[in-house]
Amino acid sequence: QVQLVESGGGSVQAGGSTRLSCAASGRTFTNGVMGWFRRAPGKELEFVASVSGSGPTTYYAAFAQGRFISSRDNANNTMYLLMKSLRPEDTALYYCAADESPLGLVRSRRWVEYEYWGQGTQVTVSS
């Protein structure tokens with residue numbers, strides 16, 4: 001049984017930083033992709049970042065570029081999202097997702113392409 005478990009997050013002051021972790025079990029995604037998505041209150045699920053297993057190759061949403069850093073530790077089957085210079089508009093439920101396929105630039109940004117999902121972890125940024 002595949003499980004993705006997010007941790008980290010919580011309440012952060014604007015301008016601060018936090019790191020999310022996503023631990024995968026039941027399957028390795030060494031040749032696939034792991035990604036982060038978020039859903040803000042009243043908004044749709046949106047792509048944050050993705051990291052391929054090999055390379056690795058990392059893609060970011062425009063709002064994440066330069067502020068967020070996503071990385072993977074394949075040995076521990078874990079992915080991280082370091083978020084810096086946080087803004088109130090970053091407040092959201094952050095989800096980890098994974099797929100065994102190397103989705104590439106376009107497909108890795110689409111949530112429907114991912115087969116496995118975590119339960120999400122809340123990040124709240126206060127001004």
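## A tour from the core outwards

Of the 26 residues in the largest nonpolar core, Leu4, Met34, Leu81 and Tyr94 touch the most other members; select these four to begin. The model is a predicted one. Next, colour the elements that contribute two or more residues to this core: strand 3 (18-25), strand 4, strand 5 (45-52), strand 8, strand 9 and strand 11. Strand 9 provides the largest share, four residues. In soluble globular proteins, nonpolar side chains tend to be buried together.

Centre the view on leucine 81. Setting aside residues up to four places away in sequence, leucine 81 touches Thr18, Arg19, Leu20, Trp36, Val48, Ala49, Phe68, Ile69, Ser70 and Tyr94. A second, separate core has nine residues, including Phe47, Ala61, Ala97 and Tyr114.

Now select strand 9, residues 92-99. Seven of its eight residues are buried, so the strand is largely enclosed by the rest of the structure. Its pairing partners can be displayed in turn:

- Strand 4 (residues 33-39) runs antiparallel to strand 9 and is joined to it by seven bridges. Select valine 33 to find aspartate 99 of strand 9 opposite.
- Strand 11 (residues 121-126) pairs with strand 9 in the antiparallel sense over three bridges. Here tyrosine 94 faces threonine 121 of strand 11.
- Strand 10 (residues 116-117) is also antiparallel to strand 9, over two bridges. Alanine 98 stands opposite tyrosine 116 in strand 10.

Move next to glutamate 6, in strand 1 (residues 3-8). What surrounds glutamate 6, a buried residue that has no salt bridge? The nearest side chain of opposite charge, arginine 39, is 11 Å away. Show the backbone nitrogens of glutamine 119 and glycine 120: the former lies 3.1 Å from a polar atom of the glutamate 6 side chain, and the latter lies 2.9 Å from a polar atom of that side chain. Beyond four places in sequence, the residues that glutamate 6 touches include Ser21, Cys22, Trp36, Tyr94, Tyr95, Cys96, Gly118 and Thr121.

Finish at asparagine 77, in the loop between strand 7 (68-73) and strand 8 (78-83). Is asparagine 77 buried or exposed? Asparagine 77 has a relative accessible area of 11% and is therefore buried, the cut-off being under 20%. Apart from its neighbours within four places in sequence, asparagine 77 is in contact with Cys22, Ala23, Ala24, Ser25, Arg27, Thr28 and Phe29.

Terms used:
Residues are numbered from 1 along each chain as its sequence is written. This is a predicted model: local features need pLDDT of at least 70, side-chain atom pairs count only at pLDDT 80 or more; totals for chains, interfaces and linings use all residues. Side-chain values use heavy atoms; hydrogens and water are left out. Buried means under 20% relative accessible area, exposed over 50%, partly exposed in between (1.4 Å probe, protein chains only). Contact means heavy atoms within 4.5 Å. Two strands pair if DSSP finds at least two bridges between them. Lys and Arg count as positive and Asp and Glu as negative; His and the chain ends are not counted. A salt bridge is a side-chain nitrogen of Lys or Arg within 4 Å of a carboxyl oxygen of Asp or Glu. A polar contact is a pair of N or O atoms within 3.5 Å; within protein, one must be able to donate a hydrogen and the other to accept it, and residues adjacent in sequence count only if both atoms are side-chain atoms. A nonpolar core is a set of buried Ala, Val, Leu, Ile, Met, Phe, Trp, Tyr and Cys residues joined through side-chain atoms within 4.5 Å.
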